[in-house]
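Hi,

Here is the structure I promised to pass on. Please have a look at it first, and then read my notes underneath.

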Amino acid sequence: MSIPFCHTAATLRAAALETAALSRHLLLYPTGLSAEPWPPATTACEHAANGLPHAPVLLLHGLLDNRTVFTPLRHSLLDGGFQHLYAVNYSPLSADIHQAAVSFGEQVVRTRQRYGGERVAVVGHSLGGLIARYYVQLLGGGEHVHTLVTLGTPHAGTRSALLLRPLPAARQLLPDSAVFEELRAPAPGCDTRFLSFWGDRDPFVLPGDSAQLIHPDLRTENVKIPGAGHLTLTVDPTVHALIRQRLAEGAATAGPAAGPGLPEQPSRKSA
């Protein structure tokens, strides 16, 4: 059977975009191996006086990656007035998803304490989005996170995780893992807003629509980016524009859910 030319052209274009995004990322990757310093803390009043949104944003990378994957998005958010950005590095070699979510929760609490109790927004790429969702949905993080954006996150698992089975976190990405059984459970009372981007040319999320977040108790918005691959989602201007819009909306409608500096640390119970 012959392959339609338009289909072939779309595949080649998607591959070229993904290759370009990967090439840029590999050049930056060594600079993101160390943790980044905290940005200066300011109050909501100081930020409002400058006409800028006071919205702390945490960025959480994917498996075998680091904070530099967010370099293009960071520039876009800075241009949009989001000054309080912090990218969290973690090691998939020493933590499963539950442990990584607990550690991430400590970063969330530290961020709230630093910015006077303001609830935070989170952007997670790939596994990072799943870690953040686990924290929000199962460890009480909905109290602290007003908006969670995920990029190419396998919310229903991915068969490609078979390639990295030696890693604990990779095994938990398989569709039949206990993690997804936990995430399918009811989640009453979670008021975090979820925005999930997925691309129909993503070779790491199989099947591709597994990157959609579907849960009856969660406030979800799924956005398909035609022709986008796994890394392309992190550099796409349309994605950046909608992220800026949703984060600004979330920050405007979500005040502190607890007194400044008072949120509790998430539990370190075993998985």
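Below is what I found in it, going from the overall layout to the strands, the core, the pockets and a few single residues.

Please keep in mind as you read that this is a predicted model.

**Overall layout**

The chain has 271 residues, and 52% of them are buried. It contains 8 helices and 6 strands. Starting at the N terminus, the order of the elements is α-α-β-α-β-α-β-α-β-α-α-β-β-α.

**Around strand β4**

I would start with β4, which covers residues 145–151. All of its residues, 7 of 7, are buried, so this strand is largely enclosed by the rest of the structure. β4 has partners in both β3 and β5. On the β3 side (residues 120–125), the two strands run parallel and are joined by 6 bridges. If you want a pair to look at there, V120 has V145 of β4 as its bridge partner. To get from β3 to β4, the chain passes through helix α5 (residues 127–138), and the resulting β-α-β crossover is right-handed.

With β5 (residues 193–199), β4 shares 5 bridges, and this pair is parallel too. Here L151 is a good residue to pick out: its bridge partner in β5 is F197.

**The nonpolar core**

As a background reminder, nonpolar side chains tend to be buried together in soluble globular proteins. In this model, the largest nonpolar core has 39 residues, and those touching the most other members are I97, F104, V122, L127, I131 and Y135. Several elements give at least two residues each to this core: β1 (57–60), β2 (85–88), α4 (97–114), β3, α5, β4, α6 (168–171) and α7 (178–183). The largest share comes from α5, with 7 residues. So α5 deserves a second look, since the helix that carries the chain from β3 to β4 is also the one that supplies the largest share of this core.

**Two pockets**

What lines the largest pocket, which has a volume of about 550 Å³? Its lining has 26 residues, and the closest to the pocket centre are L63, L64, S126, F204 and H230. By class, the lining is made up of 16 nonpolar, 8 polar and 2 charged residues. Helix α1 (residues 5–28) gives the largest share of this lining, 4 residues.

The second largest pocket has a volume of about 190 Å³. Its lining holds 13 residues, with R133, H155, A156, R184 and I214 nearest the centre. These 13 lining residues divide into 6 nonpolar, 4 polar and 3 charged.

**Backbone points worth checking**

Most residues other than glycine have a negative phi, and most peptide bonds are trans. Three places in this model are worth a look with that in mind.

Two of them involve residues that you have already met at the largest pocket, L64 and S126. L64 is not a glycine, yet its phi is positive, at about 60°. L64 sits in the loop between β1 and α3 (71–79). Its relative accessible area is 45%, so L64 counts as partly exposed.

S126 also has a positive phi without being a glycine, with a value near 55°. This serine is in the loop between β3 and α5. Is S126 buried or exposed? It is buried, because its relative accessible area is 13%, and the cut-off for buried is under 20%.

The third place is the peptide bond between L206 and P207, which is cis, with omega about -5°. P207 belongs to the loop between β5 and β6 (219–225).

**Two contacts across the sequence**

Finally, here are two pairs of residues to compare in sequence and in space. A15, in helix α1, is 217 residues from T232 along the chain, while their C-alpha atoms are separated by 9.6 Å. A15 is partly exposed, at 40% relative accessibility.

The other pair is R114 and P56, which are 58 residues apart along the chain and have their C-alpha atoms separated by 9.6 Å. R114 is part of helix α4 and is partly exposed, with a relative accessible area of 34%.

Do let me know what you make of it once you have had a look.

Best wishes

Conventions
Residues are numbered from 1 along each chain as its sequence is written. This is a predicted model: local features need pLDDT of at least 70, side-chain atom pairs count only at pLDDT 80 or more; totals for chains, interfaces and linings use all residues. Side-chain values use heavy atoms; hydrogens and water are left out. Buried means under 20% relative accessible area, exposed over 50%, partly exposed in between (1.4 Å probe, protein chains only). Two strands pair if DSSP finds at least two bridges between them. A crossover is right-handed if, with the strands pointing away from the viewer, the path from the first strand over the helix to the second runs clockwise. On a 1 Å grid over the protein atoms alone, a cavity is a set of points where a 1.4 Å probe fits but cannot get out, and a pocket is an open set with protein on both sides within 12 Å along at least five of seven lines; lining residues have an atom within 4 Å of a point. Ala, Val, Leu, Ile, Met, Phe, Trp, Tyr, Cys and Pro count as nonpolar, Asp, Glu, Lys and Arg as charged, and the others, Gly among them, as polar. Grid points are joined across faces, edges and corners, and a volume is the space filled by probe spheres set on the points. A nonpolar core is a set of buried Ala, Val, Leu, Ile, Met, Phe, Trp, Tyr and Cys residues joined through side-chain atoms within 4.5 Å.
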